[in-house]
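This report describes a protein structure in terms of its chains, the surface between them and a set of annotated residues. The reader is invited to keep the sequence and the three-dimensional view at hand while following the text.

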Number of protein chains: 2
Amino acid sequence: MLWIDLRDRYGITQLLFEESDASKELLNNARTLGREFVVAAKGEVIERYSKNDKMPTGDIEVRVHELVVLNPAKLPPFLIEDETDGGEDLRMKYRYLDLRRSPIRQNLMLRHQVARHTRRYLDDLEFIEVETPVLIKSTPEGARDFVVPSRMNPGEFYALPQSPQTFKQLLMVSGFDRYYQIVKCFRDEDLRADRQPEFTQIDCEMAFVTQEDVLNTFEGLIRNLFKNVKNIDLPEVPRMTYAEAMQRYGSDKPDIRFGMEFVELKGASRDLTSGKSFNVFDAAELVAGIRVPGAAIYTRKQLDELTEWMRRPQIGAKGLIYMRYNEDGTLKSSVDKFYDESSLQQWAAAFDAQPGDLLLLISGEADQTRKQLSELRLEMGNRLGLRPADEYRVLWVVDFPLLEYGEDEHDASHGRWYAMHHPFTSPKPEDIPLLATDPGKVRANAYDMVINGVEVGGGSVRIFQKELQKKMFEILGFTAEEAQAQFGFLLNAFEFGAPPHAGIAFGFDRLCSLFGGADSIRDFIAFPKNNSGRDVMIDSPSPIAAQQLKELNIKVSGV
Amino acid sequence: MLWIDLRDRYGITQLLFEESDASKELLNNARTLGREFVVAAKGEVIERYSKNDKMPTGDIEVRVHELVVLNPAKLPPFLIEDETDGGEDLRMKYRYLDLRRSPIRQNLMLRHQVARHTRRYLDDLEFIEVETPVLIKSTPEGARDFVVPSRMNPGEFYALPQSPQTFKQLLMVSGFDRYYQIVKCFRDEDLRADRQPEFTQIDCEMAFVTQEDVLNTFEGLIRNLFKNVKNIDLPEVPRMTYAEAMQRYGSDKPDIRFGMEFVELKGASRDLTSGKSFNVFDAAELVAGIRVPGAAIYTRKQLDELTEWMRRPQIGAKGLIYMRYNEDGTLKSSVDKFYDESSLQQWAAAFDAQPGDLLLLISGEADQTRKQLSELRLEMGNRLGLRPADEYRVLWVVDFPLLEYGEDEHDASHGRWYAMHHPFTSPKPEDIPLLATDPGKVRANAYDMVINGVEVGGGSVRIFQKELQKKMFEILGFTAEEAQAQFGFLLNAFEFGAPPHAGIAFGFDRLCSLFGGADSIRDFIAFPKNNSGRDVMIDSPSPIAAQQLKELNIKVSGV
């Protein structure tokens with residue numbers, strides 16, 4: 001007798017070859033089979049003698065009468081099993097073998113389900129899917145474009161879309177009042193584990209709506225996906241302003257699976273640290289911290305390591321102050337020489353601390369301090385196991401600032417205003433007067449959906465009036481001529497009857513990886529590229545023929 | 001009183017403003033409205049006094065209580081009505097206004113329905129939609145690629161896919177036994193009304209199947225689409241070999257909405273024309289014609305015009321011979337001086353001609369004659385109104401030749417073999433020996449779906465053995481090194497356990513235009529490009545900044 005595991009898309013099934021009812025030839029044939037051979041087998045499904053309740057097909061086997069080897073196989077370069085011995089590079093080179101592994105196959109099937117239920121939900125709401133062009137026009141705003149030389153228009157280039165933004169707005173001007181598309185987008189930026197040069201968006205736009213309509217519609221989408229893909233009944237999605245998110249979590253995408261909210265010892269509303277000769281706190285705009293439950297047991301060594309972790313260039317904190325609330329009720333801080341017991345008691349009260357808690361404090365300029373403290377909070381969440389991949393907390397962050405000030409990319413000696421979302425985002429009507437006086441204070445009708453600390457979607461109410469759009473380009477440093485040359489089609493369109501409209505886009509790859517409980521999007525993409533933008537399987541990009549370059553009127557330079 | 005037509009995505013609704021229940025202000029406000037103004041109106045739906053049964057909403061109107069002008073509009077540059085006064089150029093420049101016109105809006109809604117039902121059908125059959133990459137590798141075979149310079153890999157380029165062919169085959173090697181994708185593809189070729197630089201395919205592949213399985217599965221898809229989109233019960237789809245289609249219709253995509261099949265007076269099986277001193281026919285390999293019912297009334301002038309039409313360079317016939325079967329039973333031909341009554345009687349019998357019929361004959365080398373006669377047949381079908389846009393006849397054409405001989409693109413003095421479908425198409429197993437002796441005779445397991453004379457889809461059983469695939473590349477003129485450099489990943493994949501597989505791709509734009517009863521695909525694409533590959537609305541392609549070129553390590557040359 002001989003057993004062979006047969007794997008197909010649906011799982012593994014056991015084949016049984018018996019001497020009794022198989023000819024000698026059949027059994028001999030079966031003995032020649034190797035790993036990954038492709039076979040066709042005919043036989044009878046029978047109850048298995050020794051059942052395997054860990055396999056969906058563990059109750060049965062197939063007693064084979066007929067076996068055809070359709071294609072033999074060389075030994076694969078890594079194990080095709082759930083846990084493989086293949087490294088990232090090898091797996092990517094032989095991605096077609098990696099895709100045979102059950103976890104990756106499940107990821108792609110999950111992806112299909114997410115797409116399917118997204119379409120079903122939006123179709124039922126009479127959204128219409130419209131394909132927008134891939135060969136569009138390069139624009140200076142935003143990330144770097146991939147470009148495509150035009151053979152028929154020498155010296156000119158198409159760009160690949162970073163998003164279908166202007167096209168979906170034009171569709172609203174056209175009267176398609178509910179649009180969506182699951183669509184590839186492209187950004188020529190340096191890559192990380194969660195960033196690919198080509199990625200997929202669920203791109204949506206609605207006309208004659210308010211921000212409230214958009215939030216409700218797409219909260220519905222997410223709830224639907226959680227129900228149908230994960231069988232999770234999502235509670236109502238809470239909303240938080242950007243200002244509140246920054247103050248409570250130091251992040252515009254807070255992970256609210258756990259607490260550890262910021263407490264300010266010195267800030268806008270109180271000061272519990274000044275006047276004790278501790279210069280670091282005295283000079284700080286903000287002294288804030290988090291309370292880590294049960295972490296009073298952290299040793300001095302552990303705390304020193306944590307301090308070093310905070311001082312790494314990625315975070316850049318100057319230091320880390322701690323206060324232990326010991327189980328015996330005593331308080332012990334790293335700044336005991338400045339602060340007496342009663343000060344520490346005040347701190348403990350401010351944090352609502354309990355015996356066993358550890359307080360971790362940092363200080364400095366407010367924005368930077370919050371950012372650093374956010375990193376610490378997430379790290380402590382990880383250490384305490386408070387961020388399980390299979391627990392989901394969804395949040396809307398609203399009322400983003402319209403603009404942020406930054407260095408001019410062409411001239412580092414100057415600063416300029418940048419659109420925080422994009423140049424088409426509408427300021428809140430009541431904040432429009434501030435555009436002239438204090439642009440940094442202007443809030444936008446912009447919103448992000450955050451799941452477990454990851455921004456999965458974002459959008460805004462759009463500008464739909466030509467004058468306001470022109471004003472916006474002006475603030476962003478466009479001359480009137482530049483605005484007209486780049487976005488004249490949109491400005492003109494607003495003159496011919498443009499409805500109020502708003503939209504949102506979800507990062508589809510990221511959404512799928514979240515549903516799959518994974519950090520990296522790469523294994524939710526069938527054929528991803530590596531950090532150099534290469535597809536190592538097909539060996540792309542690659543040089544092209546001289547004839548092609550000539551036809552395209554370009555030359556390779558400086559290589 | 002004042003009536004205003006309100007148009008939205010769903011149609012036109014009449015608004016009624018009455019002095020009686022509206023304030024003076026409301027009526028005055030309504031009087032300021034112009035064409036294409038965007039308004040919000042609140043009111044009461046009432047039965048209309050004078051109903052309009054030509055409008056879906058003709059029974060009602062809305063008595064308005066409240067009116068807000070959301071955005072005024074300039075007068076649009078052309079009429080936004082079913083029949084517009086706008087020319088193609090103007091419509092394309094203001095495509096967002098053109099898309100407001102009901103016929104175009106209906107087209108895009110039809111397109112969405114076709115996509116939706118395609119997905120539903122394939123999902124139900126457990127096909128999985130997998131996104132394949134857009135940034136791939138340029139290959140020399142096939143049409144011209146669009147390329148994308150890589151900033152991170154100087155001097156190297158991605159290519160945009162002409163189809164996801166190799167990726168879908170790799171998915172079969174990965175064990176995803178049923179794949180589909182509705183996907184953008186790209187070809188940098190000269191453009192026509194029915195060809196766009198970017199177009200959409202329904203791309204499908206199946207493993208462990210025969211040609212028969214594929215034909216049945218996708219006949220099912222088309223039947224499903226006709227039923228759900230057009231409410232047409234499609235009969236079983238007939239099949240015809242390529243050889244038969246060429247002989248009977250002179251085309252591998254015959255329009256079988258009407259007959260007028262070819263009759264050969266001189267060919268492989270008989271000769272009813274030779275030996276009468278008519279040198280043209282005596283020297284011809286083939287004398288064939290069509291019988292045009294009721295066209296014996298064609299005047300000499302009309303026949304002369306038809307002859308000129310056949311002589312145009314696009315067709316290139318040397319001449320056109322006719323024979324009238326007059327209503328009085330007499331026969332009259334343009335070659336009466338060579339053929340007597342009894343010869344003409346023989347011809348009439350061969351055509352099964354009736355009084356009133358007109359026979360149109362041409363002659364020459366067989367392939368060319370068939371091609372020319374096919375054009376004539378289609379033209380006569382048009383003239384006789386035998387090709388109505390709302391009647392559909394679907395056909396499978398099977399058993400295409402594997403190879404066709406053509407001029408070498410790099411060296412016109414040589415010929416070489418080209419893959420008729422693509423290099424991955426499997427020869428019929430019984431014809432494989434002919435590869436060595438008579439490649440032109442080898443038939444492929446390749447098939448096209450033809451609707452009303454338009455090829456809407458095509459596919460093949462694929463090669464899945466490395467040695468046969470290498471042999472195929474060799475026949476196509478690849479050196480072993482070239483084959484390995486270009487398609488090594490696929491050749492290698494075939495060694496690790498590749499199942500037999502087959503697939504098909506449908507031209508989605510064309511399918512939609514057929515369902516919509518239109519010849520051009522352009523109005524089934526939201527934002528199409530013109531014949532120079534330009535999007536005149538956004539003015540793309542366009543020059544890019546020197547800084548962009550520098551980052552990409554390319555220079556524009558020869559402009």
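A polar contact is a pair of N or O atoms within 3.5 Å; within protein, one of the two must be able to donate a hydrogen and the other to accept it. The structure discussed here is a predicted model.

## Annotated residues

According to the unreviewed UniProt entry, the annotation "binding site" covers Glu141(A), Arg187(A), His421(A) and Arg462(A). Two of these residues, Arg462(A) and Arg187(A), are considered in turn.

Arg462(A) is located in the loop between strand 20 (454-461) and helix 13 (466-475) of chain A. The side chain of Arg462(A) makes a polar contact with the side chain of Glu205(A), at 2.8 Å. Is Arg462(A) buried or exposed? With a relative accessible area of 2%, Arg462(A) is buried, because buried means under 20% relative accessible area.

Arg187(A) is located in the loop between strand 8 (178-186) and strand 9 (198-207) of chain A. This residue is partly exposed, and its relative accessible area is 36%. Leaving aside residues up to four places away in sequence, Arg187(A) touches Ala143(A), Arg144(A), Phe146(A), Gln162(A), Pro197(A) and Phe199(A).

## Chain A as a whole

Chain A has 559 residues, of which 56% are buried. Its secondary structure comes to 16 helices and 22 strands. Along the principal axes, the C-alpha atoms of chain A fill a box of roughly 95 × 75 × 55 Å. Among contacts between residues at least 6 apart in sequence, 65% join residues at least 24 apart.

One salt bridge within the chain joins Lys466(A) and Glu495(A), with the closest N and O atoms 3.4 Å apart. Lys466(A) lies in helix 13 and Glu495(A) in the loop between helix 14 (480-493) and strand 21 (501-507), so the pair ties together parts of chain A that are 29 residues apart in sequence. Lys466(A) is buried, at 16% relative accessible area, whereas Glu495(A) counts as partly exposed, at 23%.

Salt bridges in chain A can also be linked to one another. A network of them connects Glu88(A), Arg91(A), Arg95(A), Asp98(A), Arg101(A), Arg522(A) and Asp523(A).

## How the two chains are related

Two copies of a chain are related by a rotation about an axis and a shift along it. Here, a turn of 180° and a shift of 0.0 Å along the axis lay chain A on chain B with an RMSD of 0.1 Å. This is the relation of a two-fold axis. The same surface serves both copies, since 100% of the contact residues of chain A recur in chain B.

## The interface

The size of an interface is often given as the accessible area lost when the parts come together. Chain A and chain B bury about 10100 Å² between them, and 59% of that area is on carbon and sulfur atoms. In this interface, 115 residues of chain A are in contact with 115 residues of chain B.

How many salt bridges are found across the interface of chain A and chain B? The rule finds 20 there, and a search of the whole structure finds 98 over all chains. There are also 69 residue pairs in polar contact between chain A and chain B. Helix 4 (residues 102-124) of chain A gives the most to the side of chain A that touches chain B, with nine residues.

The table lists salt bridges between the chains.

| Residue in chain A | Residue in chain B | N to O distance |
|---|---|---|
| Glu129(A) | Arg119(B) | 3.4 Å |
| Asp188(A) | Arg151(B) | 3.1 Å |
| Arg116(A) | Asp123(B) | 3.4 Å |

The salt bridge of Glu129(A) and Arg119(B) runs from strand 5 (residues 128-129) of chain A to helix 4 (residues 102-124) of chain B. Glu129(A) counts as buried at 13% relative accessibility, and Arg119(B) counts as buried at 9%.

The salt bridge of Asp188(A) and Arg151(B) runs from the loop between strand 8 and strand 9 of chain A to the loop between strand 6 (147-149) and strand 7 (157-159) of chain B. Asp188(A) is buried, with a relative accessible area of 3%, and Arg151(B) is buried, with 16%. The loop between strand 8 and strand 9 of chain A, which holds Asp188(A), is also the place of the annotated residue Arg187(A).

Key:
Residues numbered from 1 in each chain as written. Chains lettered and ligands numbered in written order. Predicted model: local features only at pLDDT ≥ 70, side-chain atom pairs only at ≥ 80, totals over all residues. Heavy atoms only, no water. UniProt positions renumbered as here; feature names shortened; annotations may be inferred. Helix = DSSP H or I, 4+ residues; strand = E, 2+ residues; numbered from the N terminus. Buried < 20%, exposed > 50% of the residue type's maximum accessible area, 1.4 Å probe, protein only. Contact = heavy atoms within 4.5 Å. Least-squares fit on C-alpha atoms with pLDDT ≥ 70 in both. Salt bridge = Lys/Arg side-chain N within 4 Å of Asp/Glu carboxyl O. Buried area = accessible area lost by both parts, 1.4 Å probe.
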